[in-house]
Amino acid sequence: MVLFLLERLSPLPVDRAWRLLTDWSRHADVVPLTRVTVRTPPPTGEGTVFVARSGVGPLAFDDSMEVTLWQPPEAGAPGKCRLVKRGSFVTGWAEIEVHPYGDGASRTVWREDLRVRWLPGPFDRPLAWTARRMFGRAMDGLLGDDGRRTD
């Protein structure tokens with residue numbers, strides 16, 4: 001099990017950062033060797049299901065996720081969503097929060113509990129390093145490289 005937290009500051013307003021981070025199909029644009037299929041009709045909300053298929057050929061796997069909390073930002077309040085990973089290989093959860101920051105900017109917090117079935121405990125540290133790097137790059141790409149690291 002790997003638990004990590006990433007933060008980014010962005011000059012983007014909260015609602016724009018929220019839309020970019022929760023456009024599930026766009027995640028395929030920033031995660032190598034991945035395609036995303038949204039399995040439920042729009043708009044996104046609690047109950048939305050999507051699958052990220054990562055890898056090549058027989059080494060590919062599905063990361064199935066369901067949105068279990070959906071609170072878009074409004075009236076100065078932060079936005080928050082929670083995803084539960086329901087795959088047969090990757091499980092856990094992720095939370096994305098987008099907060100107002102300064103004068104019209106935003107601060108994003110991404111928390112994730114990542115579990116890979118059949119992966120022995122000694123691999124937790126390399127998995128954590130890889131996950132932080134991969135999800136950090138994804139955040140940067142989704143925010144248009146405007147995100148500044150705070151972790």
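In what order do the elements of the protein chain run from the N terminus on? In this predicted model, the order is β-α-α-β-β-β-β-β-β-α-β, which amounts to three helices and eight strands. The radius of gyration is 15 Å, close to the 15 Å that the globule rule gives for 151 residues, so the chain is as compact as a globular protein of that length. Taken along the principal axes, the C-alpha atoms fill a box of roughly 45 × 35 × 25 Å.

A few totals help to set the scene for the whole chain. Of its 151 residues, 44% count as buried. The chain exposes about 8,200 Å², and carbon and sulfur atoms supply 55% of that area. Contacts also reach across the sequence: among those between residues at least 6 apart, 48% join residues at least 24 apart.

Helix α3 deserves a closer look. This helix covers residues 124-142, 19 residues in total, and spans 26 Å from its first C-alpha to its last, close to the 27 Å expected at 1.5 Å a residue. Its buried residues are L127, A131, F135, G136, A138, M139, D140 and L142. The cover over these buried residues includes two strands, β1 (2-10) and β7 (105-116), together with the helices α1 (14-21) and α2 (27-30). Not every position in α3 is hidden, however: P126, also found in this helix, is partly exposed, because its relative accessible area of 43% falls between the 20% and 50% limits. P126 and V2 are 124 residues apart in sequence, yet their C-alpha atoms are 9.7 Å apart in space. After the helix comes G144, whose phi is positive, near 75 degrees.

The aromatic side chains bring α3 and its neighbours into the same picture. A pair of aromatic rings is described by the distance of the centres and the angle of the planes. A search of the whole structure finds six such pairs. In one of them, the rings of F4 and F135 have centres 5.7 Å apart and planes at 35 degrees, so the pair is tilted. This pair links distant parts of the chain, with F4 in strand β1 and F135 in helix α3, 131 residues apart. Are these two residues buried or exposed? F4 is buried, because its relative accessible area of 5% is under the 20% limit. F135 likewise counts as buried, at 12% relative accessibility.

F135 has a further aromatic partner in W110, and this pair is also tilted, at 5.5 Å centre to centre and 50 degrees between the planes. W110 lies in strand β7 and F135 in helix α3, so the pair ties together parts that are 25 residues apart in sequence. Both W110 and F135 are buried. Taken together, F4, W110 and F135 form one aromatic cluster, with members drawn from β1 and α3 and from β7. Strands β1 and β7 also appear among the elements that cover the buried residues of α3.

A second tryptophan has a charged partner. R82 lies over the face of W93, at 4.5 Å from the ring centre.

Key: Residues numbered from 1 in each chain as written. Predicted model: local features only at pLDDT ≥ 70, side-chain atom pairs only at ≥ 80, totals over all residues. Heavy atoms only, no water. Helix = DSSP H or I, 4+ residues; strand = E, 2+ residues; numbered from the N terminus. Expected span 1.5 Å × (residues − 1). Buried < 20%, exposed > 50% of the residue type's maximum accessible area, 1.4 Å probe, protein only. Contact = heavy atoms within 4.5 Å. Phe/Tyr/Trp six-rings, centres within 6.5 Å; stacked < 30°, edge-to-face > 60°. Lys NZ or Arg CZ within 6 Å of the ring centre and 35° of its normal. Rg over C-alpha atoms; globule rule 2.2 N^0.38 Å. Areas by Shrake-Rupley, 256 points an atom, 1.4 Å probe, with all protein chains shown as cover.
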